[in-house]
Structures are given as structure tokens and as C-alpha cells.
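User: I would like to go through this model step by step, with each answer ending on the value or name I ask for. Please begin once the structure is in view.

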Amino acid sequence: MKTPSVRQLLPFEAEDCLGTLGKRIATVRRVRGLTQADLAGKAGVGVKTVLNAEHGSPGVAVGHLLTILWALDLTAGFSQSLAQLGTDQGVTSLLEEQLPLRVRGRGRS
């Protein structure tokens, strides 16, 4: 029998994001009339993975989350949100100032 693992400590904001994502996955699944087993089969993951994703568990692999979002046809919105990360002008300017003009391969050792 497996013993429960110690819950990973996450920043509160990260926990909130996972919880919100899990609730939305569960809501969309129910709106579409899918059981957790139906969604697991469509996504190619286990029912336990779907259950954990819906509960916002930090132990669910990012790849599995993305597969579940794909199975619910939600990846377009997720991709748009990811594309916006780090695009505020201050961050972008700072990063561009620190970039080298050239990137050279590493010499052979």
C-alpha cells in the first residue's frame, strides 16, 4: 500500500493557479457531459491523473495537464496566455539589453 507523499510547498499564487485550473477543467468536463473516465481515456492518462488535475495537485506533470486541456479543446486559450508571459515592456527591455550580440558554440574540450 502506498503512503501519501508529503505535499510539495508552493507559493500561494501557484497553489491558487493550480486550484483555479483544476476547477475549470472539472467544470468544462461536466459541461461537455464527460465522466472522469471518459476524459482520462480521451487524454490517454489515468483516471487518478484527471482526479488530481481537477483537485489542483502540484504532482500532476505539465505534459499531462496539457494533454487534458487538449482533450477538452482548451489549448488555444492556454497557448495565448503562455505567449503573454514576460512581454511587459520593462522585462522585455531588460532581457534584450543583457543578450549577447552573438552566440557561439562551445569549444571542444
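**Helix contacts and the core**

Analyst: In this predicted model, a contact between two helices is a suitable place to begin: Leu39, Lys42 and Ala43 of α2 meet Thr67, Ile68, Trp70 and Ala71 of α4.

User: At roughly what angle do the axes of α2 and α4 cross, and how are the two helices therefore oriented to each other?

Analyst: The axes of α2 and α4 come within 9 Å and cross at roughly 105°. Angles of 65 to 115 degrees count as roughly perpendicular, and the orientation of α2 and α4 is therefore roughly perpendicular.

User: Which residues of α3 does α2 meet, and at what angle do these two helices pack?

Analyst: From α2, the residues Gln36, Ala37, Leu39 and Ala40 take part, and they meet Val47, Val50, Leu51 and Glu54 in α3. The axes of α2 and α3 are 8 Å apart, and the helices pack at an angle of about 110°. That makes α2 roughly perpendicular to α3, the angle asked for being about 110°.

User: Which helix gives the most residues to the largest nonpolar core?

Analyst: The largest nonpolar core has 14 residues, of which Ile25, Leu39, Val45, Val50, Ile68 and Leu72 touch the most other members. At least two residues of this core come from each of α1 (12–31), α2 (36–43), α3 and α4 (62–71). The helix that gives the most, with 4 residues, is α4.

User: Which residues does Leu39 touch, leaving out residues up to four places away in sequence?

Analyst: Leu39 is one of the core residues that touch the most other members, and in α2 it takes part in the meeting with α4 as well as in the meeting with α3. With residues up to four places away in sequence not counted, Leu39 touches Ile25, Arg29, Val50, Ile68, Ala71 and Leu72.

User: Is Glu54 buried or exposed, and which side chain makes a polar contact with the side chain of Glu54?

Analyst: Glu54 is found in helix α3, which covers residues 47–54. Buried means under 20% relative accessible area, so Glu54, at 10% relative accessibility, counts as buried. Residues up to four places away in sequence aside, Glu54 touches Gly22, Lys23, Ile25, Ala26, Arg29 and Gln36. The polar contact, at 2.7 Å, joins the side chain of Glu54 to that of Gln36.

User: What is the relative accessible area of Arg29, and how far from a polar atom of its side chain does the backbone oxygen of Leu34 lie?

Analyst: Arg29 lies in helix α1, and it is buried, with a relative accessible area of 9%. Its contacts, not counting residues up to four places away in sequence, are with Leu34, Thr35, Gln36, Leu39, Glu54 and Leu72. A polar atom of the Arg29 side chain and the backbone oxygen of Leu34 are separated by 2.9 Å.

User: Why does Thr49 count as buried, and what separates its C-alpha atom from that of Gln36?

Analyst: Thr49 lies in helix α3 and is buried because its relative accessible area is 18%, the limit being under 20%. Val60, His64 and Ile68 are the residues that Thr49 touches, not counting residues up to four places away in sequence. Thr49 and Gln36 are 13 residues apart along the chain, and their C-alpha atoms are separated by 9.5 Å.

User: How far apart in space are Leu18 and Val60, C-alpha to C-alpha?

Analyst: Leu18 lies in helix α1. Leaving aside neighbours within four places in sequence, Leu18 is in contact with Leu10, Gly56, Ser57, Pro58 and Leu65. Leu18 and Val60 are 42 residues apart in sequence, and their C-alpha atoms are 9.9 Å apart.

User: Is Asp73 buried or exposed, and what is its phi?

Analyst: Asp73 is found in the loop between α4 and α5 (75–83). Exposed means over 50% relative accessible area, so Asp73, at 62% relative accessibility, counts as exposed. Although Asp73 is not a glycine, its phi is positive, at about 60°.

User: How many helices and strands does the chain have, and what percentage of its residues are buried?

Analyst: The chain has 6 helices and 0 strands, and along the sequence its pattern reads α-α-α-α-α-α. About 8,700 Å² of the chain is exposed, with carbon and sulfur atoms supplying 58% of that area. Of the 109 residues in the chain, the buried ones make up 18%.

How values were computed: Residues numbered from 1 in each chain as written. Predicted model: local features only at pLDDT ≥ 70, side-chain atom pairs only at ≥ 80, totals over all residues. Heavy atoms only, no water. Buried < 20%, exposed > 50% of the residue type's maximum accessible area, 1.4 Å probe, protein only. Polar contact = N/O pair within 3.5 Å; in protein donor to acceptor, adjacent residues only side chain to side chain. Contact = heavy atoms within 4.5 Å. Core = buried A, V, L, I, M, F, W, Y, C linked by side-chain atoms within 4.5 Å. Areas by Shrake-Rupley, 256 points an atom, 1.4 Å probe, with all protein chains shown as cover. Axes fitted to C-alpha atoms, helices over the stretch in contact; angles between N-to-C directions. Parallel < 35°, antiparallel > 145°, perpendicular 65-115°, else oblique.
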